[in-house]
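Thank you all for coming; I would like to use these few minutes to walk through one model and its charged and metal-binding side chains. Please have the sequence and the coordinates open while I talk.

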Amino acid sequence: MSEHKFIVDCMHGKLARKMRLYGFDTLYDVKFDDSKVIEIAKLEGRTVITSDEALIERAKSEKLQVIWVPLDNELPRMIKIFETLKILPKIDPKRSRCPNCNSPLAIVKKKDVKDVPENVLKRKRVFYKCTGCGKIYWYGSHWKKIREFEKTLKRMLRELGEGRKNEFKR
Ligand SMILES: [Zn+2]
């Protein structure tokens, strides 16, 4: 999935975090206005993700790739993105990027893990460290929710794909 690079408009911070979890190189900053988004997308060959009609028009006139996503909630937004990319979602923490800063994660030895609650350190075996901001990640209670979300996402994409000869690939 890593060949796809994105820039998300300032309204979609939550979406950017999710995209990074899925391993997509995704830029997002509340300080990016439309001109900045266009500038970076052109410079770095990034696909623009937005709900803003004016930004879509501008991006298209600059011959940029753009994905329109609905504003309402996370599921239809992610469906739209994977549908456009024709990829089935699969979170692999080894390929995930830091939701906070977009840097790749790396497995870190337990003895090198700091600033994690004692009980977590005792119970968990695998830890990931952000190569950018240094934040530590592990399979916590939120992981179940992420997997559930992914299951629903996959099911809905498959249903969409069946109507079109299952065009999704992994
Ligand atoms: Zn980070």
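I will begin with the metal site, move on to a buried arginine beside it in sequence, and finish with salt bridges and a lysine.

Please keep in mind throughout that this is a predicted model.

Let me start with the zinc ion, which is coordinated by the SG atoms of C98, C101, C130 and C133, at 2.2 to 2.3 Å. What arrangement do the 4 donor atoms around the zinc ion make? The angles they subtend run from 97 to 119°, and the arrangement is therefore tetrahedral; for comparison, the ideal angle for four tetrahedral donors is 109.5 degrees. Along the sequence, the donor residues follow the spacing C-x2-C-x28-C-x2-C. Since C101 sits in the loop between α4 and β5, while C133 sits in the loop between β6 (127–130) and β7 (136–137), this pair ties together parts that are 32 residues apart in sequence. As for accessibility, C101 is partly exposed, with a relative accessible area of 31%, and C133, at 43%, also counts as partly exposed.

Now to R97, which is placed in the loop between α4 (74–85) and β5 (105–108). Which side chain of opposite charge is nearest to R97, given that R97 is buried and has no salt bridge? It is D25, at 4.1 Å, and because a salt bridge here requires the nitrogen and the carboxyl oxygen to be within 4 Å, the pair is not counted as one. What the side chain of R97 does reach is the backbone oxygen of N102, at 2.7 Å. Leaving out residues up to four places away in sequence, R97 touches R20, L21, G23, F24, D25, N102, S103, P104 and L105, so that both N102 and D25 appear among its contacts.

That brings us to D25 itself, which does have a salt-bridge partner: D25 pairs with R46, with the closest N and O atoms 2.9 Å apart. Because D25 lies in strand β2 (residues 25–27) and R46 in the loop between α2 (34–44) and β3 (47–50), the pair ties together parts that are 21 residues apart in sequence. Both D25 and R46 are buried, and together with E44 they are linked in a network of salt bridges.

Across the whole structure, the search finds 11 salt bridges, and I will pick out two in helix α6. The first I want to show joins E150 and R147, whose closest N and O atoms are 3.2 Å apart; being 3 residues apart in helix α6 (residues 142–162), they are separated by about one helical turn. Here E150 counts as buried, at 6% relative accessibility, whereas R147 is partly exposed, at 32%. The other joins R155 and E159, with the closest N and O atoms 3.9 Å apart, and these residues, 4 apart in helix α6, are likewise separated by about one helical turn. R155 counts as partly exposed, at 48% relative accessibility.

Lastly, a word on K18, which is found in helix α1 (residues 13–21). Is K18 buried or exposed? At 11% relative accessibility, K18 counts as buried, and, leaving aside neighbours within four places in sequence, K18 is in contact with E74, M78 and F149.

Conventions. Residues numbered from 1 in each chain as written. Predicted model: local features only at pLDDT ≥ 70, side-chain atom pairs only at ≥ 80, totals over all residues. Heavy atoms only, no water. Helix = DSSP H or I, 4+ residues; strand = E, 2+ residues; numbered from the N terminus. Buried < 20%, exposed > 50% of the residue type's maximum accessible area, 1.4 Å probe, protein only. Lys, Arg positive; Asp, Glu negative; His and termini not counted. Polar contact = N/O pair within 3.5 Å; in protein donor to acceptor, adjacent residues only side chain to side chain. Contact = heavy atoms within 4.5 Å. Donors = N, O, S within 2.8 Å, 3.2 Å for Na, K, Ca; no water. Tetrahedral: all angles 85-135°; square planar, octahedral: opposite > 155°, others 65-115°.
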